[in-house]
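Work through the exercises below with the structure in view. Try each task before reading its solution.

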2 protein chains.
Amino acid sequence: MGRKRKCQNELVAESDREFVLTSAARLFREQGFDHTSVKEISEACNMLPGSLYYRYPSKESLLVDLMRLALEQASTALLKAFQEVTDPAEQIRRAINAHLGLLVGGSDMVYVLLFEWRSLRGAERQEMIDLRDRYEALWDSKLRSLSELGLIRPDIDLSLLRLIGIGALNWTATWFRKDGYYSSEDIGDFVWRLIRDSIINQPLIIKDTNGLS
Amino acid sequence: MGRKRKCQNELVAESDREFVLTSAARLFREQGFDHTSVKEISEACNMLPGSLYYRYPSKESLLVDLMRLALEQASTALLKAFQEVTDPAEQIRRAINAHLGLLVGGSDMVYVLLFEWRSLRGAERQEMIDLRDRYEALWDSKLRSLSELGLIRPDIDLSLLRLIGIGALNWTATWFRKDGYYSSEDIGDFVWRLIRDSIINQPLIIKDTNGLS
DNA sequence: GTCTATACTCTGATAGAC
DNA sequence: GTCTATCAGAGTATAGAC
């Protein structure tokens, strides 16, 4: 088997993995992990249960692999938001909207990563926690650099800010409706303004004074 | 059977109900609804499965009744916070801390109300949603009255404020640890300051000017 | 109101042919 | 790598005695 052929197989295997995990994620989001049977998952992948057990040794291990892919998606979207612009405030605003967009509309996997942690135990639960920590560390890193630039009020606890901010975004997924009154952007910008008005370290600017202050 | 006797029975029945639901709530919080068997619940109540089915026609119906009691607890705590003081800002600060305290330390039932909604379907899911809406309506009512008093910036969307604020508090329950770095009060006051600095409609006060502004 | 005993279903997982 | 066939176990719920 030549090198090129091997590479092709790896690509096929990778897209196979994504197909399985994407199908499973939709079911898990709609019905919950516990209320989705292996039979349903395999049907959604056009397989039979036995074939799934060739790929994953257990239902839980499939969930863990799904969460790994979800972390990659979330991290990629976050870093993209940071890299698109140079203005720190705009970076945060875009990151908030990227997180929220992925969660409520873009990726069932990210939703599952955030809401199905209770289905895992022991070592698998710990791996899930580690995945989330790695994602939140990206936020922490950005917040620390903004703080070092003097852009955040020094009395703000950065870890609490991250926990509360991400929490506000995450909970949105429990009530958000695609056909509801608020769009993902409405919500993201609201959160952004809430945080901005409270934490940004800058000369106070009185609204509607046309810069005459 | 005399009236007094009947009244006693009702009290016993009520405390029986609370005992069953409190025991179940602890299990549901620790293991999740789906990973708690009827056998475990009945054991925690010093009963056998058959006896539980005398009280509730199904496992789900027990969960719904538990959520009804949780709503009562949360509403009572919230109204108490509103009534303890007259200063509107302090009312909100206390309400935030009451919600958070109940959620992370005071009541397993409130935790279950907020995190086990995915275990219910159809009419029972809808009843759970109605319960939550009734609780959030208490917040809405208070926020509207503050707004009418001119204490909240008129450009703030009160519904979004409620959704995002409660969301930030609720998500806390996913990472809070009793022996962790932050106390419930640390977190509640942080959220309160975040909101206060962003929404309160008042003359801007420059920090550390000793009132000379 | 609680107990004993059990029916019935569903599901995660396995063995082995192809 | 997928299929067929099936097992073993768990879990909800019920019937009926006490």
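**Exercise 1. The two protein chains**

Task: Find what turn and what shift lay chain A on chain B.

Solution. The model is predicted. A turn of 180° with a shift of 0.0 Å along the axis lays chain A on chain B, and the RMSD is then 0.0 Å. That is the relation of a two-fold axis. To locate the axis in chain A, look for A:Ala168: its C-alpha is the one nearest the axis, at 2.0 Å.

Next, consider the interface. Of the interface residues of chain A, 100% are also interface residues in chain B, so the copies meet through the same surface.

**Exercise 2. The surroundings of DNA strand C**

Task: List the residues around DNA strand C, then find which side chains reach its phosphate oxygens.

Solution. Start with the residues by chain. Chain A contributes A:Thr36, A:Ser37, A:Val38, A:Tyr53, A:Ser58 and A:Lys59. From chain B come B:Met47, B:Leu48, B:Gly50, B:Ser51, B:Tyr54 and B:Arg55. Helix α3 of chain B, residues 49-55, gives the most to this surface, with 4 residues. Sorted by class, the surface near DNA strand C has 5 nonpolar, 5 polar and 2 charged residues.

Then turn to the strand itself. Among the atoms of DNA strand C within 4 Å of the protein, 76% belong to sugar or phosphate, and the rest belong to bases.

Last, take the phosphate oxygens of DNA strand C:

- An N or O atom in the side chain of A:Tyr53 is 2.7 Å from one.
- B:Ser51 has a polar side-chain atom 2.9 Å from one.
- For B:Arg55, the distance from a polar side-chain atom to a phosphate oxygen is 3.2 Å.

**Exercise 3. The surroundings of DNA strand D**

Task: Do the same for DNA strand D, and find which residue reaches a phosphate oxygen with a backbone atom.

Solution. The residues around DNA strand D include A:Met47, A:Leu48, A:Gly50, A:Ser51, A:Tyr54 and A:Arg55 from chain A, and B:Thr36, B:Ser37, B:Val38, B:Tyr53, B:Ser58 and B:Lys59 from chain B. Sugar and phosphate make up 76% of the atoms of DNA strand D that come within 4 Å of the protein. Helix α3 of chain A, residues 49-55, supplies the largest share of the surface, 4 residues. The classes are 5 nonpolar, 5 polar and 2 charged.

Two side chains of chain A can be checked against phosphate oxygens of DNA strand D. For A:Ser51, an N or O atom of the side chain is 3.0 Å from one; for A:Tyr54, the distance is 2.9 Å. The backbone case is B:Val38, where a backbone N or O atom lies 2.9 Å from a phosphate oxygen.

**Exercise 4. Helix packing**

Task: Describe how α5(A) packs with α6(A), and how α6(B) packs with α8(B).

Solution. Take chain A first. Helix α5 (residues 88-106) and helix α6 (residues 108-115) of chain A pack at about 100°, and their axes are 7 Å apart. That makes α5(A) roughly perpendicular to α6(A). On α5(A), the contact uses A:Leu102, A:Leu103 and A:Gly106; on α6(A), it uses A:Asp108, A:Val110, A:Tyr111 and A:Leu114. By class this contact has 5 nonpolar, 1 polar and 1 charged residues.

Now take chain B. Helix α6 (residues 108-115) and helix α8 (residues 158-175) of chain B pack at about 105°, with axes 11 Å apart. That makes α6(B) roughly perpendicular to α8(B). B:Tyr111, B:Leu114 and B:Phe115 of α6(B) meet B:Asn170, B:Ala173 and B:Thr174 of α8(B). The classes here are 4 nonpolar, 2 polar and no charged residues.

How values were computed
Residues numbered from 1 in each chain as written. Chains lettered and ligands numbered in written order. Predicted model: local features only at pLDDT ≥ 70, side-chain atom pairs only at ≥ 80, totals over all residues. Heavy atoms only, no water. Least-squares fit on C-alpha atoms with pLDDT ≥ 70 in both. Contact = heavy atoms within 4.5 Å. Near = heavy atom within 4 Å. Polar contact = N/O pair within 3.5 Å; in protein donor to acceptor, adjacent residues only side chain to side chain. Helix = DSSP H or I, 4+ residues; strand = E, 2+ residues; numbered from the N terminus. Nonpolar A, V, L, I, M, F, W, Y, C, P; charged D, E, K, R; others polar. Axes fitted to C-alpha atoms, helices over the stretch in contact; angles between N-to-C directions. Parallel < 35°, antiparallel > 145°, perpendicular 65-115°, else oblique.
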